[in-house]
Amino acid sequence: MKLVVVTDATVPAELPAVARSLAGRDEPVEAVTFGGAGTETGDLARVLGGHGVGRLHVARHALLDDYAPEAWGNALAAVIDRLGPSGVLASAGDRGAEVLAHAAARADLPLATDCVRLAGDEDGTWHVTRTRSGGVLLEDAELRAPVTLATIAPAVEVPQVPLQPAGECEVVESAVDVPPELARTRVVEHVASETGLSLATAPVVVSGGRGVGGAEGFAVLEELAERLGGVVGCSRVATNNGWRPHRDQVGLTGTKIAADLYIACGISGATQHWVGCMDSAVILAINTDPEAPMMQRATYAVEGDVHEVLPAVLAEIRRRAEEPAVAESVERQV
Amino acid sequence: MDIVVCIKRVPAFGAQVPLTDDGSAVDTRHLGFTIGPHEECAVEEAVRLVSAHGGRVTVLTVGPEEAGEQLRYALAMGAHRGVLVDTGTTDLDPEATATAVLAGLADEPEPDLLLFGDASADAGHGQVAIRVALARGLPVVGGITGMDADAGGGLRATRETPAGTEVFRVPMPAAVTVKEGLNLPRYPTLPGRLKAKKAELRTVSCAPEPGGLRTVGLRRPADDRAGAVPLGRGAAAAPAVVDILAELGKV
Amino acid sequence: MTEIPERADVVVIGAGIVGNAVCHHLAELGWRDIVLIEKGPLPDPGGSTGHASNFIFPVDHSREITALTTDSMRQYEKLGTLITSGGVEVARQPQRVEELKRRMASARAWGVDAELITPRRVAELVPFVDPDILLAGFWTPSVAVVDPLRAGALMREQAIADGALTVSANTAVTGIRTDRGRVQAVCTDAGDVETPVVVVACGVWSPRIARLAGAEIPLTPAVHQMMDVGPIPELEATGTAIAYPIVRDMDALMYERQSGADLEIGSYAHRPILHEPDDIPSLESAALSPTQLPFTSEDFDPQLEQALELFGSILDRPDAGVRHAINGLLSMTPDGAPVLGPCPEVAGLWSAAAVWIKEGPSVGRMLAEWLTHGDCEFDMHGADIARFYPHQRTREHVRARANEGFNKTYGIVHPREQWESSRGRKLSPFHTREREADAVFFEVGGWERPHWYESNRALLDEFGDRVTHRQHEWDARWWSPIVEAEHLAMRERAAMIDLTAFAQFDVRGPGALDYLQRMVVAQLDRPVGRLCYTPVLTPGGGFRSDLTVVRLGEDRFRVITGGADGARDRSWFESHLPADGSASLVDVTSAVCTLGLWGPRARDVLAATTEDDVSGEALPFGTARWIDVAGIPVLALRVSYVGDLGWELHAPFEHGQALWDAIAEAGRPHGIVPAGIGVYGTTGRLEKGYRLMGAELDGEYDPVEAGLALPKVKAADFVGKDAYLAAREGTPAATLCTLTLGTLTVDDHTGTDGIARYPQGGEPIVTTAGERIVDRKGRGSVVTSAGPAPSLGAHLLMAYLPPEFAVEGTSLQVEYMAERYPVTVARAGRTPLFDPEDTRMKA
């Protein structure tokens, strides 16, 4: 049996699919989740059933009602012990990785994390490919254990497996024993996110370098950043020229960011800078030099002077704000 | 408050990681080494806690003799002692790493706090701290980006999730893995570097048994990154730029 | 990526400051179809231009380097990429104070405003330094910081706007195609470009690129460590890149400069760390850039303490940390100078390598002029790639000298200082005898030459107070009073001097005469057996060389030139050989040894070894003849650079020791002594007013100014003839003069500490009012050579003086080690002070 560990309210589709691909022809795929006395699991069972998972084991205990890594890991180890699966999978999110690591430690089993490819052979060894160093490297590894444990990365390859008929997922209550001292690592409080913007956490960073030309040149960047709900950053050239304070610097010797949108204005993108912004989801480069590294590596590139491009962008934003209908029609063309 | 911070020597590379010809390892001939950003934050936090509450910071690493360089970096940041668990140049799997860390801790007095980075910057297995904590019978919380020691000997630790902040209240002694963002780590000062240079390191030799996860080889992912999409030149590119901003929901 | 053109007039490889500057100046000079190829991205391709500290101190002891630097500063300023910060070099040690005084002399010589200041004043200029550990400062207000990436981009843009330049970045050069020793095309991963001219401006990668064409560019990548410490509130508060003067902590071999909120600290004190061009990481695999390698902190640690000593007030703080530290790569050459000009091995391949940020723009201009006109405004003989002999281009030699030279970057280097590494490369056949006579060897072109012989120490007693004993350690360093004693022995008896380091070329063929006539100023169409001393000019009429040509037959000549210039001269002569093959040149340096024999007894000595007639009638001055000396065939040249009766005896190399023994044996009854190059190159020649290539003679002075214009101009055309004719028509802007320290009768050159001082060369000549003397072409008057004249009882200086001062008897001053001493113009022009009628030589 292959066991899928569900640590969140939703189940990524690839999780049961990968488990299925690793399972033998007649080998069932089952799931486990955690809950307190009142935790509702019906919706989850329906979703899992849709993925061909036959059973959902609910490890139920008062200490498991809110997230508690040690207690959940302890419960998972007990479930593994009881059900005797040949392989256990979780998604590589914060909770999945943590709970599996706790279970692996307790069961004295190895664990392969962040896998993007998994294949099993006859003797039960898994041949996995896992990501390293934030994805710039792949590691091929062998996982050999009585029970193989792995977490799968969002980018996992989902092998072609025969479509599983959607079926009923049976909910199996599974009372577990949790040592009371494990309450020590329960979440005791949830706080809604605050909105204070810092360079490290801002969703949008509008950053300027040599091409901005001087301290005064940052005014237009400030305006755009405010408009986009972001903050202003800069390159090392800008700090070294005294145009911006050091706390604004993005890069190896400044702050490493992972924004939704990074706008690099007049920044050539030397490695020193690139490593500070490369984790951003979308990077827009504006530079007079199309041969600059930033212009090659960015998601989008505009060739031109910052002081020509940014005022035009601001004007366009204002224009669309005044004429929302037009803006929408343009958006649909994208 | 006595704190032990576990750090790892990792290569610092640029846009592309050079590999040895046989793909067995990163080719480090032209690379410098560093400790990962999570671990820099761990050292910083330890130094701050100790300067606020008293005590001392011990940094511990598992690796080759050269990892002493990373211990000295942490000493230059303000840590007080260094312990090197010399396991030679072979990369260890996470189970063996945990064994080696435990060997390093064996002769150390029980710290109030055992800090780790959330995952090492290179291998990133993310499980050594948990294995060590379990073996030492310590509570462990992970992915922490905020922490405070309270008067009652407890630790308030927070972590960010998409839904908001989760708060833990953990009795000490405890183990914690921290994430970048916890603080802004300092750069080593000049006097700090000079002091660190002279510091004695305690060295422990250890040859742990390998665990069940064996690395076969490393490779670079196929470079399927598309080049930048050109949006045009000069002011004429503005509508295309704003389209993208709109698509991303920023305007 | 720009489409790469199929053909170009010139391809420049490398878009650092040098490559950009070459393109810009070529475009200014009217070149079109220039292609610039760069492997990396723009504007920062990843070479040294992208990480250098970018500050410029204009004063250097070398005129050439100072000229390149000040011209570059003008160019940076014109492009708006220069910020003047001022700079101060500080001394912690007394020897360094002396060195700063010597820098003052160089500043005056080259016309750069500078001042010696007290530690207190240093602390006023840079309030963070601790003045208590300093003894003095050398303040140069014009020191500046530049932006070479921006300057390069602007230069490129201008050339593109002129329609002269195509830039192809992110393009790797994969080969350079040659055919029969000429460049044909540059091959790249984006296609091939046909071109007759390739300029290699690839910084630390230059050797690798030149090798693609089969040429060697002798340099090695070497580490220079730098770190940034900050943030420092006092610096951040200035809100600018640099608000305080740059400090060079000379005795610590370090510098400290503001860089925004940080203090940047650089070092030339660490162990030399040399790399191989082939081992530099690629752009992709380098953590920062290929030339910013991982910092090796253990090499820098001693410098941290030095930095804390001087800048403790801002560095010893908990909030100022090491934010950035690199092992930056720069280019080191065997002699520390740049490597410029046409590569001797491959026609059309040019080197523009081993250039610092401070020289880049001007090197671009010089290279462009050189490519266009065949020469350039500044004399570049010290930077000419052709200056290296083959053994000096080998990896072993380059590494050995780079290793030794690295810590001299901020060191105190005596003008006569000798290298310790890579010695004993070339030994004359007299070497065994010279060692037996305890010769002290100096090196030229790899040759070991006796500078004086310790075995002659007994002569000091013989000549007593006619020999000067220098009391000041600096003046006496790399010098010996024995030189003067050997000189006097030669003047009274005879001396034998090893001149095997001469470079010698045999030129033969039906076109030999026409070819050589085109190369030199003097008339060579003379009878067989005649020898000529002649200038060799640049196309612009300056000195390319001076040498001797002997007509050995109708179609056969021997060219004899100095060991220091042999490699350059060979490259120049070879590159001008007729295309039709009617003349050939063979370098016979390794086949010939030369023994100089001069002095009033020289004829007696020589006559005792030969049955040939060596009388003045049979072998008059200015002739050459084959004679037998003790059974050895010897080409005897009746010529002298020391002004006494005698010969250069040229013999087959393998007979050298026998020749030495025969002359020594025959000379013993006459009291012959072995004499070193100290006599040949300094005392003997200065008394005779003979000029030395590289000292008095260079590309910036013409034969009229040097007093070497010949009475008649031959009909045949020759390189530089138009300029030569023009120079003869006009009045010279300066005339080479010989000056005496003090006067011929009053020996007035005692410093304030009561010790007599002896200028060494390179010092400014100023008026009695202390004003700098500059000729109408803007050239300052500087001591070109200096040394004792034992037969005259004087210390002589040579210097070019403008007409109003080039008057015998004029009183002037020489500025030496921050003091001024009176000097007198003893001779304007070439007539010797010693034996003006040349009666001894022609006896």
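## Domains of chain C

In this predicted model, the centres of domain 1 and domain 3 of chain C lie 38 Å apart, taken over C-alpha atoms. The domain assignment behind that distance gives chain C a domain 1 made of two stretches, 86–143 and 221–329, followed by domain 2 (420–730) and domain 3 (731–843).

Domains 1 and 3 of chain C do meet: eleven residues of domain 1 are in contact with eleven residues of domain 3. If you want to find this contact by eye, start from helix α3 (residues 94–110) of chain C, which supplies nine residues, the largest share of the domain 1 side. By class, that side of domain 1 has five nonpolar, two polar and four charged residues.

## Chain C as a whole

Let us step back to the whole chain. Chain C contains 21 helices and 40 strands, and its C-alpha trace spans about 85 × 65 × 50 Å along the principal axes. The radius of gyration of chain C is 28 Å, which agrees with the value near 28 Å for a compact globule of 843 residues.

Burial and contacts add to this picture. Of the 843 residues in chain C, 59% are buried. Among the contacts in chain C with a separation of 6 or more, 73% are between residues 24 or more positions apart.

## Nonpolar cores

The largest nonpolar core holds 338 residues, and the members that touch the most other members are I13(C), I34(C), V200(C) and A352(C). I34(C) is a nice one to centre your view on: leaving out residues up to four places away in sequence, its contacts include V10(C), V12(C), L26(C), A159(C) and L165(C). D9(C) is also among the residues that I34(C) touches.

A second, separate core has 127 residues, and A17(A), L63(A), V5(B) and A42(B) are among them.

## Chain A and its first helix

Chain A is divided into domain 1 (2–185) and domain 2 (204–333). Taken over C-alpha atoms, the centres of these two domains of chain A are 41 Å apart.

Within chain A, helix α1 (residues 14–22) deserves a look. Seven of its nine residues are buried, so the helix is largely enclosed by the rest of the structure. The buried residues of α1(A) are L15(A), P16(A), A17(A), V18(A), A19(A), R20(A) and L22(A). Their cover includes the strands β1 (2–5), β2 (29–35), β4 (87–91), β5 (111–120) and β8 (148–152) of chain A, together with helix α2 (42–50) of chain A.

## Where chain A meets chain B

The contact between these chains takes 71 residues from chain A and 64 residues from chain B. On the side of chain A that touches chain B, 40 residues are nonpolar, eleven are polar and 20 are charged.

Strands also pair across the two chains. β10 (residues 187–191) of chain A runs antiparallel to β10 (residues 164–171) of chain B, and four bridges join them. To locate this pairing, look at H190(A), whose bridge partner in β10(B) is E166(B).

## Where chain A meets chain C

Chain A also touches chain C, with 17 residues of chain A in contact with 23 residues of chain C. On the side of chain A that touches chain C, α6 (236–240), α7 (271–277) and α8 (293–297) of chain A each supply at least two residues. That side of chain A divides into four nonpolar, ten polar and three charged residues.

Technical notes:
Residues are numbered from 1 along each chain as its sequence is written. Chains are lettered from A and ligands numbered from 1 in the order in which they are written. This is a predicted model: local features need pLDDT of at least 70, side-chain atom pairs count only at pLDDT 80 or more; totals for chains, interfaces and linings use all residues. Two residues are in contact if their C-beta atoms, placed from the backbone, lie within 7 Å. Ala, Val, Leu, Ile, Met, Phe, Trp, Tyr, Cys and Pro count as nonpolar, Asp, Glu, Lys and Arg as charged, and the others, Gly among them, as polar. Domain bounds come from an automatic or database domain assignment. A nonpolar core is a set of buried Ala, Val, Leu, Ile, Met, Phe, Trp, Tyr and Cys residues joined through C-beta atoms within 7 Å. A residue is buried if 20 or more other C-beta atoms lie within 10 Å of its own, exposed if 12 or fewer, and partly exposed in between; C-beta atoms are placed from the backbone. The radius of gyration is taken over C-alpha atoms; the globule rule is 2.2 Å times the number of residues to the power 0.38. Two strands pair if DSSP finds at least two bridges between them.
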